[in-house]
Amino acid sequence: MAKLPLIVFDVNETLLDLETMDPIFQRIFGDRGAMRLWFANLILYSAALTVAGSYVPFTDIGGAVMKMMADVSGIKITDADKKELTDKFSTMPPHKEVPAALRKLRNAGFRLFTLTDNLLEVQTRQLTHGDIVDLFERRFSADGVKHHKPSREAYGHVEKELGTKPSDMCLIACHTWDTLGAVAAGWEAALIKRVGNDVLGVGPQPNIVGNSLDDVANQLIARHKAG
C-alpha cells in the first residue's frame with residue numbers, strides 16, 4: 001500500500017457549525033447576512049494583515065471587524081456583545097457527520113491533525129467542547145509562525161513541526177482560499193462544499209470535492225486504497 005498522506009483539518013466551519021453564530025449577528029445588526037459578511041471580512045483582513053507583514057491574533061481581528069461593521073451602520077457594540085461573540089465562537093458544535101467521519105478516517109489508517117488561524121487555546125476549547133479533541137494527533141495554529149492562512153508559511157509550519165514534505169500532506173477544508181493555499185504549497189487538498197462555499201474556477205484546484213466530511217472521507221479512502 002502506498003504511504004497515506006497526513007490529513008490536516010481546518011477547524012472553523014470545516015469541522016464546526018458556523019451557522020450557530022447567526023443569532024448573535026441577527027440580534028445586533030438585524031440582518032440575516034451579517035454573520036457571513038463578518039466572517040468573509042475576518043478572512044479578508046487576516047490575509048491582508050499577513051500580506052502587509054502585520055500579524056494580529058485571529059480573535060482580535062474578529063472583534064475589530066465586528067466593531068467596524070457596527071461603526072459603518074451606526075450601531076453600538078457593548079462589552080456583553082463582545083463576550084458573547086468570543087464565547088459562541090469558542091463553543092460552536094461540530095457538524096453532525098464530523099465525529100463519525102473522523103473516526104472512519106482514523107480506522108482506515110490516516111493520521112489526523114488540525115491547522116487553524118485561531119490561537120491554540122481557542123482551538124483546544126472548541127474541539128474539547130465538541131468532544132472531538134482526542135481524535136487528532138496534534139493541533140497547530142497559524143500563531144505558531146505569525147502568518148495566517150493561506151500564506152505558505154502557515155502550511156510550512158506544520159511540515160517543519162512534523163518533519164514532513166509537502167507531498168506527504170493533505171488539507172481538508174470548506175474554504176477555497178484555504179485549499180488554494182495548500183495546493184499552491186504542494187499539498188493534496190479536499191474541499192467540503194458547506195453552505196455558502198463552493199469551488200472557485202481559477203487558481204490551484206482541490207484534488208477532491210465533496211458535499212460533507214463523510215463524502216470526502218469515502219473519496220480519500222478510495223483514492224489511497226486505505227483500509
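Trainee: Let's start at the end of a helix. Which residue takes a positive phi just after α7?

Mentor: That is G163, and its phi is about 70°. Keep in mind as we go that this is a predicted model, and that every value we discuss is computed from it.

Trainee: Understood. Staying with helix α7, which of its residues are buried?

Mentor: The helix runs over residues 152-162, and its buried residues are A154, Y155, G156, H157, V158 and E159. When reading a helix, it helps to recall the periodicity: an α-helix has 3.6 residues a turn, so residues three or four places apart point the same way. After listing the buried residues, look for what covers them. For α7 the cover includes the strands β1 (6-9), β2 (112-116), β3 (138-141) and β4 (169-173), together with helix α8.

Trainee: E159 is a charged residue on that buried list. What does E159 form a salt bridge with?

Mentor: The general idea comes before the case: side chains of opposite charge can pair when their charged atoms come close. Here E159 pairs with R152, and the closest N and O atoms are 3.1 Å apart. The two ends of this bridge sit in unlike surroundings. E159 counts as buried because its relative accessibility is 9%, below the 20% cut-off. R152, at 37%, counts as partly exposed.

Trainee: How many salt bridges does a search of the whole structure find?

Mentor: The search finds 19. One of them joins the side chains of R27 and D81, with an N to O distance of 3.1 Å. R27 lies in helix α1 (residues 22-29) and D81 in helix α4 (residues 79-90), so this pair ties together parts that are 54 residues apart in sequence. For the surroundings, R27 is partly exposed at 48% relative accessibility, whereas D81 is buried, with a relative accessible area of 7%.

Trainee: And what about R194 and E97: are they buried or exposed?

Mentor: Both R194 and E97 are buried. Their closest N and O atoms are 2.8 Å apart in a salt bridge. The pair links distant parts of the chain, 97 residues apart: R194 is in the loop between β5 (188-192) and β6 (208-210), and E97 is in the loop between α4 and α5 (98-107). Salt bridges can also be linked in a network, and K3, K165 and D168 are an example.

Trainee: Let's move to packing. How should I read a single residue such as A189, and where is A189 found?

Mentor: Ask where the residue sits, how accessible it is and what it touches. A189 is found in strand β5 and counts as buried, because its relative accessibility is 0%. Leaving out residues up to four places away in sequence, A189 touches C170, L171, T179, A182, V183, P206, N207 and I208. You can also check a C-alpha distance: A189 and A173 are 16 residues apart along the chain, and their C-alpha atoms are separated by 7.8 Å.

Trainee: Let me try T50. It is found in helix α2. What does T50 touch beyond residues up to four places away in sequence?

Mentor: With that exclusion, T50 touches H147, H148 and S151. T50 counts as buried because its relative accessible area is 11%.

Trainee: Helix α2 makes me think of pockets. Which residues line the largest pocket?

Mentor: The lining consists of E13, R36, F39, A40, I43, C174, H175, T176, W177, G196, N197 and D198. For a pocket, read the volume, then the supplying elements, then the chemistry. The space in this one is about 200 Å³. Helices α2 (34-51) and α8 (176-184) each supply at least two lining residues, and α2 has the largest share, with 4 residues. By type, the lining has 5 nonpolar, 4 polar and 3 charged residues.

Trainee: Finally, the whole chain. How many helices and strands are there in it?

Mentor: The protein chain has 9 helices and 6 strands. Its radius of gyration is 17 Å, close to the 17 Å that the globule rule gives for 227 residues, so the chain is as compact as a globular protein of that length. The C-alpha trace spans about 60 × 35 × 35 Å along its principal axes. Buried residues make up 49% of the 227 residues. Of the contacts with a separation of 6 or more, 63% are between residues 24 or more positions apart.

Technical notes
Residues are numbered from 1 along each chain as its sequence is written. This is a predicted model: local features need pLDDT of at least 70, side-chain atom pairs count only at pLDDT 80 or more; totals for chains, interfaces and linings use all residues. Side-chain values use heavy atoms; hydrogens and water are left out. On a 1 Å grid over the protein atoms alone, a cavity is a set of points where a 1.4 Å probe fits but cannot get out, and a pocket is an open set with protein on both sides within 12 Å along at least five of seven lines; lining residues have an atom within 4 Å of a point. Grid points are joined across faces, edges and corners, and a volume is the space filled by probe spheres set on the points. Ala, Val, Leu, Ile, Met, Phe, Trp, Tyr, Cys and Pro count as nonpolar, Asp, Glu, Lys and Arg as charged, and the others, Gly among them, as polar. Buried means under 20% relative accessible area, exposed over 50%, partly exposed in between (1.4 Å probe, protein chains only). Contact means heavy atoms within 4.5 Å. A salt bridge is a side-chain nitrogen of Lys or Arg within 4 Å of a carboxyl oxygen of Asp or Glu. The radius of gyration is taken over C-alpha atoms; the globule rule is 2.2 Å times the number of residues to the power 0.38.
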